[in-house]
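Thanks for coming. I will take a few minutes to go through one protein, starting with the whole chain and then turning to two of its sheets. Please have a look at the structure first.

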Amino acid sequence: METDASLLGVELEQKQQEELYQQLLLQTMGKVQSESPPSKVIRPQPGMCVKTSSMSDKKKVFLNICQSQAVPPPPHLSQEALVELLESEDPTSYRVPMSLGEPRTEVDNSSQGCTVYDVVINDEFFQKCQKDTLFQQFLIAVSLEGLENKYNLELSRDVKILKNRKFMGSIAEQNIRTKSKPIIQEIDSKESESLPSSTKRPEFSLLVEPPSGSAEHLIAEIQLPGVISARSLVLDLGEDRLVLIAQPLFHLDIFFPLLIDQENSVAQFNTNTQMLTVTMPVVSS
């Protein structure tokens, strides 16, 4: 029986392509999927309690905005820079690291049931927000937005800061990632200098599937002309961020409007079209 050499060649090429996909996926994850990110349990300190409501059923919702040294601070931002940021086209470009706790049911002063979320931020940034009304309003806004994105909620912007209590119910312990192995590796000055000056931002598009209704997947399609192999790609995914380095041609660093499931995301590089496609499940409640 004769063997068709062309078929063998196609099968070999497919096998090699699958190996490249697997290598890229491991680079994307930064670790084997079965491993858990390094983390530790923290007990946040009280901060302030914010009252709002759910837009769907008008039920009361409380945010315990807490503080902890274990949460990293955001980059330094002056009040003037904050005003410019809020007036810009993309105010979400400034990220405030925070840990968002699971919803739980508590009883308020009127003996009525309510939903409570713990939001933990860096203690020094919290103190800064306490001293400046604009920063405090900004902190509340990003906390509401973070909860909405993570739990698929819609919360009222008609909020009230409770003066006589710093938290509703009790403050639960939270499990947060440690800084020893961040999902997104920061590029220090030496590494930045190693990127050629000719490195540019590639053309890309972000698609939401399905186009209407609740989002299930976020798909990034990145054009990489001149890249011939997935071996030259280093891709890191955070829960709302993508960083891609394609030496020596491209460097891309973008944030997503939705939170994604990094561990179940898949990246594929098509050598024919020279397009990298990253398919990311959207985190929903």
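Let me start with how the chain is connected to itself. If we take the contacts in the protein with a separation of 6 or more, 64% of them are between residues 24 or more positions apart. Keep in mind that this is a predicted model.

Some totals next. The protein has 285 residues, and 39% of them count as buried. About 16600 Å² is exposed, and carbon and sulfur atoms supply 49% of that area. In secondary structure, there are 5 helices and 15 strands.

How confident is the predictor, on average? The mean pLDDT of the protein is 79, and 77% of the residues score at least 70. Two stretches should be read with that score in mind. Over residues 27-36 the pLDDT stays under 50, and the model has 20 contacts for this stretch beyond four places in sequence. Residues 179-196 also have a pLDDT below 50, with 27 contacts in the model beyond near neighbours in sequence.

Now the sheets. One of them is an open sheet of 3 strands, in the order β11-β12-β13, and its pairing is antiparallel. Which strands stand at the edges? They are β11, residues 233-237, and β13, residues 250-255. Each has a single partner strand, so one side of each is left without a neighbour in the sheet. From one strand to the next, the twist averages 5 degrees.

Look at the pair β12 and β13 in detail. Strand β12 covers residues 241-246, and 6 bridges join it to β13. The two run antiparallel. If you want one bridge to find on the screen, take Leu-242, whose partner in β13 is Ile-254.

Another open sheet has 4 strands, in the order β9-β10-β15-β14, again with antiparallel pairing. Here the edges are β9, residues 204-209, and β14, residues 266-270. Why does one side of each lack a neighbour in the sheet? Because β9 and β14 each have a single partner strand. On average, neighbouring strands of this sheet are turned by 15 degrees against each other, with direction ignored.

For β14, the bridges lead to strand β15, which covers residues 275-281. There are 5 of these bridges, and the two strands run antiparallel. One residue to look for is Phe-269, which has Leu-276 in β15 as its bridge partner.

That is what I have for today.

Notes: Residues numbered from 1 in each chain as written. Predicted model: local features only at pLDDT ≥ 70, side-chain atom pairs only at ≥ 80, totals over all residues. Heavy atoms only, no water. Pairing = 2+ DSSP bridges. Axes fitted to C-alpha atoms, helices over the stretch in contact; angles between N-to-C directions. Buried < 20%, exposed > 50% of the residue type's maximum accessible area, 1.4 Å probe, protein only. Contact = heavy atoms within 4.5 Å. Areas by Shrake-Rupley, 256 points an atom, 1.4 Å probe, with all protein chains shown as cover. pLDDT = per-residue confidence, 0-100.
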